[in-house]
Amino acid sequence: MKNLIQGGGVITAAVAVAVASGDLVILGGLAAVASGNYAANESGEYALEGVYELPALGTATATLGQLAYWDQTNKRVTDVATNNTVVGHFFVAKAAGDSTAKVRLAQRTA
């Protein structure tokens with residue numbers, strides 16, 4: 001196909017803060033996970049798809065497939081929609097007390 005630019009699973013971008021490999025960032029409306037360590041304003045590669053283990057609110061509980069939200073202030077996944085950004089779905093159930101959650105990234109279409 002002559003108009004294909006790339007597969008779309010990875011995006012190259014620069015963010016205003018330093019990030020470590022595995023950190024989740026929000027690029028506009030895209031949830032993305034850093035593929036490496038990048039300094040502030042350094043161009044880097046970010047994965048847009050896949051399942052990742054991410055820091056999570058310890059009191060959050062979720063069922064398989066439930067929407068997962070990103071709390072930008074505290075840099076963690078939560079089950080609370082208010083003031084947070086949808087980043088995907090819980091890939092496995094999350095129990096209260098778990099400090100991480102397995103999340104399948106999902107991009108918003110609107």
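This report covers the sheets, the nonpolar cores and an aromatic pair of a predicted model.

**Sheets**

Two open sheets are tabulated here.

| Strand order | Pairing | Edge strands | Average twist |
|---|---|---|---|
| 1-4-3-2 | antiparallel | strand 1 (10-14) and strand 2 (24-27) | 50° from one strand to the next |
| 5-9-8-6-7 | antiparallel | strand 5 (51-55) and strand 7 (76-78) | 50° from one strand to the next |

The sheet with the order 1-4-3-2 has 4 strands. Its edge strands, strand 1 and strand 2, each pair on one side only. Strand 1 and strand 4 (residues 43-47) run antiparallel and are joined by 5 bridges. One residue pair can be placed exactly: Thr-12 has Glu-45, in strand 4, as its bridge partner.

The sheet with the order 5-9-8-6-7 has 5 strands. Here strand 5 and strand 7 are the edges, and each pairs on one side only. Strand 6 and strand 8 run antiparallel, with 4 bridges between them. Ala-68 has its bridge partner in strand 8, at Gly-88. Strands of a sheet pair through backbone hydrogen bonds, either parallel or antiparallel.

**Nonpolar cores**

In soluble globular proteins, nonpolar side chains tend to be buried together. In this model, the largest nonpolar core counts 14 residues. The residues with the most contacts inside this core are Leu-24, Ala-68, Val-77, Val-87, Phe-90, Ala-101 and Val-103. Four elements give two or more residues to this core: strand 3 (30-34), strand 6 (67-71), strand 8 (85-90) and strand 9 (100-105). Strand 9 gives the most, with 3 residues. Another core, of 10 residues, lies apart from the largest one. Among its members are Val-15, Leu-27, Ala-32 and Ala-34.

Which residues does Val-77 touch, leaving aside its neighbours within four places in sequence? Leu-54, Pro-55, Ala-56 and Leu-57 are in contact with Val-77. So are Ala-68, Tyr-69 and Trp-70. The contacts of Val-77 also include Phe-90, Ala-101 and Val-103. Ala-68, Phe-90, Ala-101 and Val-103 are also listed with Val-77 for the most contacts inside the largest core.

**Aromatic pair**

A pair of aromatic rings is described by the distance of the centres and the angle of the planes. The model has 1 aromatic pair. The ring centres of Tyr-38 and Tyr-46 lie 5.6 Å apart and the planes meet at 45°, so the pair is tilted. Are these two tyrosines, Tyr-38 and Tyr-46, buried or exposed? Both Tyr-38 and Tyr-46 are buried.

Methods. Residues are numbered from 1 along each chain as its sequence is written. This is a predicted model: local features need pLDDT of at least 70, side-chain atom pairs count only at pLDDT 80 or more; totals for chains, interfaces and linings use all residues. Side-chain values use heavy atoms; hydrogens and water are left out. Rings of Phe, Tyr and Trp (its six-membered ring) pair if their centres lie within 6.5 Å; planes under 30 degrees apart count as stacked, over 60 as edge-to-face and the rest as tilted. Buried means under 20% relative accessible area, exposed over 50%, partly exposed in between (1.4 Å probe, protein chains only). A nonpolar core is a set of buried Ala, Val, Leu, Ile, Met, Phe, Trp, Tyr and Cys residues joined through side-chain atoms within 4.5 Å. Contact means heavy atoms within 4.5 Å. Two strands pair if DSSP finds at least two bridges between them. Axes are lines fitted to C-alpha atoms, for helices over the stretch in contact, and angles run from 0 to 180 degrees between N-to-C directions.
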